[in-house]
Amino acid sequence: MTAERKAKIRQKLSRTRSDLLQYARELTESEWTQPIYTHGEEWTAQDVLRHLTWSESGMTRLIQHIRQGHGGVSEDFDRDRYNAGGVEKLKEKTPAELMTMMTENRERTLQILSLIHISEPTRPY
């Protein structure tokens with residue numbers, strides 16, 4: 001990964017998180033509880049925020065694990081169960097608490113990005 005590519009990724013991660021948090025801050029209390037995702041389980045806007053908070057935290061742990069030479073997720077990993085469990089674990093968090101957690105998670109993600117050596121192989125996404 002070139003330094004230029006790394007800088008672009010960092011900028012995009014920062015910008016998109018900032019945009020999301022700005023949008024989330026503008027939601028009304030009733031908008032937080034409206035169903036917005038209905039494929040399978042029904043999720044509210046707050047559930048989606050819970051999911052994003054939980055999943056980024058899990059991804060940073062996974063990246064660290066892989067960088068330490070360990071494998072990725074187990075072969076029996078169930079993404080739907082993982083996502084539902086994460087949303088449930090964050091059920092008591094308010095939108096403000098979730099947004100704070102999201103900011104902290106993104107800082108950890110950016111920190112991990114800074115630790116990736118330019119010579120490390122990357123996969124095109």
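**Figure 1. Here's who lines the second largest pocket of this predicted model: Tyr37, His39, Gly40, Glu41, Trp43, Val48, His51, Asp80, Asn83 and Ala84.** The space inside the second largest pocket comes to about 220 Å³. Helices α3 and α4 each put at least two residues into the lining. The largest share belongs to α4, with three residues. Sorted by class, the lining is a mix of four nonpolar, four polar and two charged residues.

**Figure 2. Zooming in on the α3 and α4 pair, we find two helix axes that cross at roughly 115 degrees.** Helix α3 covers residues 45-67, helix α4 covers residues 79-89, and their axes come within 8 Å. That angle makes α3 roughly perpendicular to α4. As for handedness, the α3 and α4 crossing is right-handed. On the α3 side, the contact is made by Asp47, Arg50, His51, Trp54, Gly58 and Arg61. Their partners in α4 are Tyr82, Asn83, Gly86, Val87 and Lys89. Split by class, the residues of this contact are three nonpolar, four polar and four charged. Two names may ring a bell from the pocket view: His51 and Asn83 are also among the lining residues there.

**Figure 3. Next up is α3 against α5, a pair packed at an angle of about 25 degrees.** Helix α5 runs over residues 95-115, and its axis sits 9 Å from that of α3. With an angle like that, α3 and α5 are roughly parallel to each other. Here the crossing is left-handed. From α3, the cast is Gln46, Leu49, Arg50, Leu52, Thr53, Glu56, Ser57, Thr60, Ile63, Gln64 and Arg67. Facing them from α5 are Pro95, Leu98, Met99, Met101, Met102, Asn105, Arg106, Arg108, Thr109, Ile112 and Leu115. The class tally for this contact is ten nonpolar, seven polar and five charged residues. Keep an eye on Arg50, which meets α5 here and is also part of the contact with α4.

**Figure 4. On to α1 and α5, whose axes cross at roughly 180 degrees.** Helix α1 takes in residues 3-25, and the two axes come within 11 Å. The pair is therefore roughly antiparallel. Residues of α1 in the contact are Lys6, Ile9, Arg10, Leu13, Ser14, Thr16, Arg17, Leu20, Leu21, Ala24 and Arg25. In α5, they meet Met99, Met102, Thr103, Arg106, Thr109, Leu110, Leu113 and Ser114. By class, that works out as nine nonpolar, five polar and five charged residues. Some α5 residues do double duty: Met99, Met102, Arg106 and Thr109 touch α1, and they turn up in the contact with α3 as well.

**Figure 5. Pulling back, the protein chain has five helices and two strands.** Follow the sequence along and the pattern reads α-α-β-β-α-α-α. Taken along the principal axes, the C-alpha atoms fill a box of roughly 50 × 35 × 20 Å.

How values were computed
Residues are numbered from 1 along each chain as its sequence is written. This is a predicted model: local features need pLDDT of at least 70, side-chain atom pairs count only at pLDDT 80 or more; totals for chains, interfaces and linings use all residues. Side-chain values use heavy atoms; hydrogens and water are left out. Axes are lines fitted to C-alpha atoms, for helices over the stretch in contact, and angles run from 0 to 180 degrees between N-to-C directions. Helices (H or I, at least four residues) and strands (E, at least two) are DSSP runs, numbered from the N terminus. Angles under 35 degrees count as roughly parallel, over 145 as roughly antiparallel, 65 to 115 as roughly perpendicular and the rest as oblique. A crossing is left-handed if the near helix is turned anticlockwise from the far one by less than a right angle, and right-handed if clockwise. Contact means heavy atoms within 4.5 Å. Ala, Val, Leu, Ile, Met, Phe, Trp, Tyr, Cys and Pro count as nonpolar, Asp, Glu, Lys and Arg as charged, and the others, Gly among them, as polar. On a 1 Å grid over the protein atoms alone, a cavity is a set of points where a 1.4 Å probe fits but cannot get out, and a pocket is an open set with protein on both sides within 12 Å along at least five of seven lines; lining residues have an atom within 4 Å of a point. Grid points are joined across faces, edges and corners, and a volume is the space filled by probe spheres set on the points.
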